[in-house]
Structures are given as C-alpha cells and as structure tokens.
Amino acid sequence: MFPTKANEQFTDSQKHALDCQRNLALRANAGSGKTSVLVDRMIQILKHHMPKAGDDLFHNHGITLRNIVSITFTRKAAAELKHRLRILLAEQISKAHESEW
C-alpha cells in the first residue's frame, strides 16, 4: 500500500480494501468512509500500475483512469467521488514533483 494523507487515518478494514490485487465490491453505512476508500483505492491502482523507469512508454499497457470502473447510486455521490479524486491526484502529483527536486 502506498501511503497517502487520507489512508493514514483508515481503519484496518478500510486499509484491507486498498489491496489492488483483487476486485472489490464495497458496501457500508452512510458516513463510514466509502468514498474516501474508493478514491484512495483508485490512487493505489494507478500507482501500482505506473510505468517503471526504463519501460517503453509507447507500448505500456498500464492502467489509466479510463480503465477503472466505480459505480455510485446517485449523481451527488458520483460528483463527490470525482471531486475527491481530483484533490488526491493533485496532492500525489505535487508530492511527485517535490521529490524530483
């Protein structure tokens, strides 16, 4: 599991859901952290399948956001998921740029 600001606060069960080596259906009560876990899981999947140094980027068939399916029951939940994903992606990109310097 790659550490993020969000998953430092997760319970053991929530951290277990971040295992990107398996498929997952997430079901829990309102306010239990489902959206946070789903967003962090997407980051975990993207980082796990990120091209490594020396990989042929033109023929890399890694996973991108277009390859990830996340289904919610309302448009409001989908908008919240998208909003949080943008924030966490921006944090990860910023962290990556800081480490390059």
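**Exercise 1. Burial along helix 2**

Task: In this predicted model, determine which residues of helix 2 are buried, and relate them to the core.

Solution.
Step 1. The criterion for burial is a relative accessible area under 20%. In helix 2, Val37, Val39, Asp40, Arg41, Met42, Ile43, Gln44, Ile45 and Leu46 are buried.
Step 2. The helix itself comprises 15 residues. From its first C-alpha to its last, helix 2 reaches 21 Å, close to the 21 Å expected at 1.5 Å a residue.
Step 3. Turn to the largest nonpolar core, which has ten residues: Cys20, Val39, Met42, Ile43, Ile45, Leu46, Ile68, Leu81, Leu85 and Leu88. At least two residues of this core come from helix 2 (34-48), and at least two from helix 3 (75-100). With five residues, helix 2 gives the most to the core.
Step 4. A general tendency provides context: nonpolar side chains in soluble globular proteins tend to be buried together.
Step 5. Take Leu46 as one core member. Beyond its neighbours within four places in sequence, Leu46 is in contact with Ile63, Thr64, Leu65, Ile68 and Leu89.

**Exercise 2. The two pockets**

Task: State which helix supplies the largest share of the lining of the largest pocket, and which gives the most to that of the second largest pocket.

Solution.
Step 1. The largest pocket has a volume of about 740 Å³. Its lining consists of 27 residues, of which Leu24, Leu26, Leu38, Ser70 and Ile71 lie nearest the centre.
Step 2. Helix 2 and helix 3 each supply at least two residues of that lining. The largest share, six residues, comes from helix 2.
Step 3. By class, the lining of the largest pocket divides into 15 nonpolar, seven polar and five charged residues.
Step 4. The second largest pocket holds about 260 Å³ of space. Ile43, Leu46, Lys47, Met50, Leu89, Gln92, Ile93, Lys95, Ala96 and Ser99 line this pocket.
Step 5. Here too, helix 2 and helix 3 each supply at least two lining residues, but helix 3 gives the most, with six. The lining of the second largest pocket has six nonpolar, two polar and two charged residues.
Step 6. The answer is therefore helix 2 for the largest pocket and helix 3 for the second largest, given that helices are numbered from the N terminus.

**Exercise 3. Two residues outside the helices**

Task: Classify Asn7 and Leu26 as buried, partly exposed or exposed, and describe their surroundings.

Solution.
Step 1. Asn7 lies in the segment before helix 1 (12-16). Because its relative accessible area is 2%, Asn7 is classed as buried.
Step 2. Leaving aside neighbours within four places in sequence, Asn7 is in contact with Met1, Phe2, Lys15, Leu18, Asp40 and Gln44. Of these partners, Asp40 and Gln44 are among the buried residues of helix 2.
Step 3. Leu26 is found in the loop between helix 1 and helix 2. With a relative accessible area of 33%, Leu26 is partly exposed.
Step 4. Not counting residues up to four places away in sequence, Leu26 touches Lys34, Val37 and Leu38. Leu26 and Leu38 are twelve residues apart along the chain, and their C-alpha atoms are separated by 8.2 Å.

**Exercise 4. The chain as a whole**

Task: What elements make up the protein chain, and in what order do they run?

Solution.
Step 1. The chain has three helices and zero strands. From the N terminus on, these elements run α-α-α.
Step 2. Buried residues make up 21% of its 101 residues.
Step 3. Among contacts between residues at least 6 apart in sequence, 53% join residues at least 24 apart.

Notes:
Residues are numbered from 1 along each chain as its sequence is written. This is a predicted model: local features need pLDDT of at least 70, side-chain atom pairs count only at pLDDT 80 or more; totals for chains, interfaces and linings use all residues. Side-chain values use heavy atoms; hydrogens and water are left out. A nonpolar core is a set of buried Ala, Val, Leu, Ile, Met, Phe, Trp, Tyr and Cys residues joined through side-chain atoms within 4.5 Å. Buried means under 20% relative accessible area, exposed over 50%, partly exposed in between (1.4 Å probe, protein chains only). Helices (H or I, at least four residues) and strands (E, at least two) are DSSP runs, numbered from the N terminus. Contact means heavy atoms within 4.5 Å. The expected span of a helix is 1.5 Å times one less than its number of residues. On a 1 Å grid over the protein atoms alone, a cavity is a set of points where a 1.4 Å probe fits but cannot get out, and a pocket is an open set with protein on both sides within 12 Å along at least five of seven lines; lining residues have an atom within 4 Å of a point. Grid points are joined across faces, edges and corners, and a volume is the space filled by probe spheres set on the points. Ala, Val, Leu, Ile, Met, Phe, Trp, Tyr, Cys and Pro count as nonpolar, Asp, Glu, Lys and Arg as charged, and the others, Gly among them, as polar.
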